[in-house]
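User: I am new to reading protein structures. Can we work through one together, a few short questions at a time?

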Amino acid sequence: MIAEEVARSVTWRSDTPTTTTVTNPAPNIISGAPAAGAAMQAERNRPLIIRVGKHLRGMFDWLIAGSSLVPNDPVLDVRDFAWSQGLRDRWTAIRDEAIGVALVGHAAPSLATISPDHRSIAEVDKWRSFFLWGYGYPIDDNLARCPETKAVIEAIPGLNSAFFSILAPGTHIPAHRGVTKGLITCHLGLIVPRDGDVRMRVDQRVVRWCEGQTLVFDDTYDHEVWNDTASTRVVLLLQVERPLRQPGKWFADLFLGFVKRSAFVQEARDNVARWNAAVKQLDV
C-alpha cells in the first residue's frame, strides 16, 4: 500500500488524534548547533575520514547492489519484508507512544541540532527526531519510555536505526541520498495530515504515506519530502540491513562498521545523550 493512488483512497477517521508543532524555542543545549531560522548549510571542516567515506560509498554501493537478495528498485514491495507486518499490527500502540512521549515538550530535538551532517537538509525545529536506536546503538532512556514500540522494533532482524520522524507544517526536506545501499529504509505512517499534500519523491516516483501502513524504499536514490499542510506529519523511521549474499554482505558490514565508528554517528550519539540529560533537568 505505497502507491499514490492507494494512499489517497484511505479515508480520514474521526478517532485519529491530531497534534501541533512545538512552538516555543528549543533550549540551547548543544554547543555549536545552528539557531532557529538559520540557513541550511553543510557543517564545515568535517573530519577527513567522513569526507573520504562519502567518496568511497559509490564503489561500495555498486558492490552491494550486485549481491542483493531483494530488488534494487527505488521503492520496494513490503511483502519482501515479513517483519513489516508486526509494525502494521501494532501501529496504534506505536502511534500512541509517539504522541505521549515524542511530541511532548522538547523530547524530540531538531535533527539539525543532533546531527551536524544533516544541517544542509534539516531546517532547525522543522524536522525533529526522537531516537530509539541509532546505527546499532540503543537509546535506553528513550526505549524505556516506549515499551510497546521497543518490543516491536527489537524483533526486527538486522535493525540498524529507529526514530520517530516529526515534520512540521510547511517543511521541505531538499533532495539528498542515504549513507549506504547496505541499509533499507522503512516508514510506518503514524500521523498523516489530510488538510493538504504531504509526499515524498524517491527517484522518479512520488509516494504518500498511509496511517498504519509501511513504505519501504532505498534511500540511496535521490529523494525529497514536502509537508504542504498546516499539520504535523509523524512516521516511525527504521533502517534495517539489506538482505545480501556474499561478497556484498562482507562489503556492507565493512562499510557499516566504518560508519558506526565515525564522527557521523558518535557525535550524534553524544548529542542525543546531552539533550536527554538537559531535558530531564528542565522537567525537574
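User: By about how many helical turns are Lys249 and Asp253 separated in helix 8?

Analyst: This is a predicted model. Helix 8 covers residues 248-261, and Lys249 and Asp253 are 4 residues apart in it. They form a salt bridge, with the closest N and O atoms 3.3 Å apart. Because of that spacing of 4 residues, their separation is about one helical turn.

User: Does Lys249 count as buried, partly exposed or exposed, and what about Asp253?

Analyst: Buried means under 20% relative accessible area, and exposed means over 50%. Lys249 has 32% relative accessibility, so Lys249 lies in between. Asp253 has 38%. Lys249 therefore counts as partly exposed, and Asp253 also counts as partly exposed.

User: Which residues do salt bridges with shared partners join into one network?

Analyst: Start with one pair: Asp197 forms a salt bridge with Arg199, the closest N and O atoms being 3.3 Å apart. Arg199 is buried, because its relative accessibility is 16%. Shared partners link the full network: Asp197, Arg199, Arg208 and Asp228.

User: Which residue forms a salt bridge with Arg95, and is that partner buried or partly exposed?

Analyst: Arg95 sits in helix 4 and is buried, at 10% relative accessibility. Its salt-bridge partner is Asp96, with the closest N and O atoms 3.2 Å apart. Asp96 has 44% relative accessibility, so Asp96 counts as partly exposed.

User: How many salt bridges are there in the whole structure?

Analyst: The pairs above include Arg95 with Asp96 and Lys249 with Asp253. A search of the whole structure gives the total: 15 salt bridges.

Key: Residues are numbered from 1 along each chain as its sequence is written. This is a predicted model: local features need pLDDT of at least 70, side-chain atom pairs count only at pLDDT 80 or more; totals for chains, interfaces and linings use all residues. Side-chain values use heavy atoms; hydrogens and water are left out. Buried means under 20% relative accessible area, exposed over 50%, partly exposed in between (1.4 Å probe, protein chains only). Helices (H or I, at least four residues) and strands (E, at least two) are DSSP runs, numbered from the N terminus. A salt bridge is a side-chain nitrogen of Lys or Arg within 4 Å of a carboxyl oxygen of Asp or Glu.
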